[in-house]
Amino acid sequence: MAPLDGLRVLDLTMWRPGPYATQLLAQLGADVIKVEPPGGEPMRMFRDHFDVLNRHKRGMVLDLKSEDGLAALRELAADAEVFVEGFRPGVAERLGVGHRTLRALNPRLVYCSISGYGAEGPLRDVPGHDINYRAHAAALPPDAVSPEADELPLADMAAATTAAFAITAACLKARETGVGDRIDLGMADVLAHWVGTVPAATRRSGAGPVPGYGVYPTRDGQKITLGVVSEEKLWAATCRALGIGEHAAVPFAERLQRIRELDGAVAAAVAGLTREEAVERLARAGAPVAPLLSRAEMLELDHFRARRVQDEGPVRTAVHPPLPRGAVPELDEHRGQGWRLTE
């Protein structure tokens, strides 16, 4: 049995944040019913995206603008523990599935709304996508450029993960008290909170924050990353592996005063090696090194394969494991099935 076996989740979300949040719940055993509008959600046009976000879910089409569709949705909500929607603020209420309406039918319901800027506040009605939320939350650097198509949508994924955590916490309380909750999650809020935990930058050095921490090009046009911070042992290992042992004994306080010089020495040494050579030398010495991989290289990496990340998700448990890779629902595949029977 997976950790969330028996948790009943109604998923009215589309695109990425909501579907990934409910995917995390489904991977841990929740019974997720994905409710789509007639014709299906727009992401079905991009099956390489849709399929990885909707495994282990069941699917049905309901027209919430019709009396029958709305009645069917409310019937499902009456027996659900979780309801997740990703409409812009006010839309769920206009459709007749707002949190007050559904929680009046089912006081134990945990109702989660995921939107760009949240359901309340001066920006609530402003449209946007990932790059806008990152900009408002100071999660883009001052020299930011337009993202590439394959750039990780940070706000989407951060909000989805936070939503799954918040839903699980609220369900624990609902099961204890018999009273559900309404979760109002703004994607920009999550990033703003993250950024607020990082001290403000006071200077720009032209290098990493400390010598040996950053991205370094290699001779073959690839890149590696190094993660030395204050650790004397890691700095010394890096210097010895790169053939710049004369800097190995420089203490951290002094390294902070010589960032450009020392980081330049690291960069020059790495630039004389191929990516494979650099990783091999640094790893053998015990330095904190990682190659900058492409998506295809990441998918083939033995570490993630051994941990079954793509098949079972990012959560590892010892007693109640997550479910293996599951099926993706075809449009309206599970119409009329209702909830799975649970003991």
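Trainee: Let's start with a cysteine: is Cys239 buried or exposed?
Mentor: Bear in mind that this is a predicted model, where local features need pLDDT of at least 70, side-chain atom pairs count only at pLDDT 80 or more, and totals for chains, interfaces and linings use all residues. Residues are numbered from 1 along each chain as its sequence is written, and side-chain values use heavy atoms, with hydrogens and water left out. Relative accessible area sets the class: under 20% is buried, over 50% exposed, and partly exposed falls in between (1.4 Å probe, protein chains only). Cys239 has 0% relative accessibility, so the answer is buried.

Trainee: Which cysteine sulfur is nearest to that of Cys171, and how far away?
Mentor: A disulfide needs a pair of cysteine sulfur atoms within 2.5 Å, and the structure holds 0 of them. Cys171 is in no disulfide, and its nearest cysteine sulfur belongs to Cys112, at 10.0 Å.

Trainee: And what is the relative accessible area of Cys171?
Mentor: The cut-off for buried is the one I gave for Cys239. Cys171 is buried, since its relative accessible area is 6%.

Trainee: Over to helix H12. How wide an arc do its buried residues cover?
Mentor: Helices (H or I, at least four residues) and strands (E, at least two) are DSSP runs, numbered from the N terminus. H12 spans residues 275-285, and Arg275, Ala278 and Leu282 are its buried residues. They sit on the same side of H12, because the arc around the axis (taken from the directions from the helix axis to the C-beta atoms) is only 70°.

Trainee: What do those buried residues pack against, and which exposed residues are on the face turned away?
Mentor: Contact here means heavy atoms within 4.5 Å. The buried residues of H12 pack against strand E8 (223-227), helix H9 (232-241), strand E9 (289-291) and helix H13 (295-300). The face turned away from the buried side carries the exposed residues Glu276 and Arg284.

Trainee: What phi does Gly286 take?
Mentor: Gly286 comes just after H12. Its phi is positive, at about 85°.

Trainee: Now charges. How many residues apart in sequence are Lys57 and Asp11?
Mentor: Side chains of opposite charge can pair when their charged atoms come close. The rule for a salt bridge is a side-chain nitrogen of Lys or Arg within 4 Å of a carboxyl oxygen of Asp or Glu, and Lys57 and Asp11 form one, with the closest N and O atoms 3.4 Å apart. Lys57 lies in strand E3 (residues 57-61) and Asp11 in strand E1 (residues 8-11), so the sequence separation the pair ties together is 46 residues.

Trainee: Are both partners buried or exposed?
Mentor: The class follows from the accessibility cut-offs above. Lys57 and Asp11 are both buried.

Trainee: Where does Arg219 lie, and how many residues separate it from Glu277?
Mentor: Their side chains meet in a salt bridge, 3.9 Å from N to O. The pair links distant parts of the chain: Arg219 lies in the loop between strand E7 (213-217) and E8, Glu277 lies in helix H12, and the separation is 58 residues.

Trainee: What is the relative accessible area of each partner?
Mentor: Arg219 is exposed, with a value of 51%. Glu277 is partly exposed, with a value of 32%.

Trainee: How many salt bridges does the rule give?
Mentor: Another one joins Asp125 and Arg124 at 3.1 Å, N to O. The count comes to 21.
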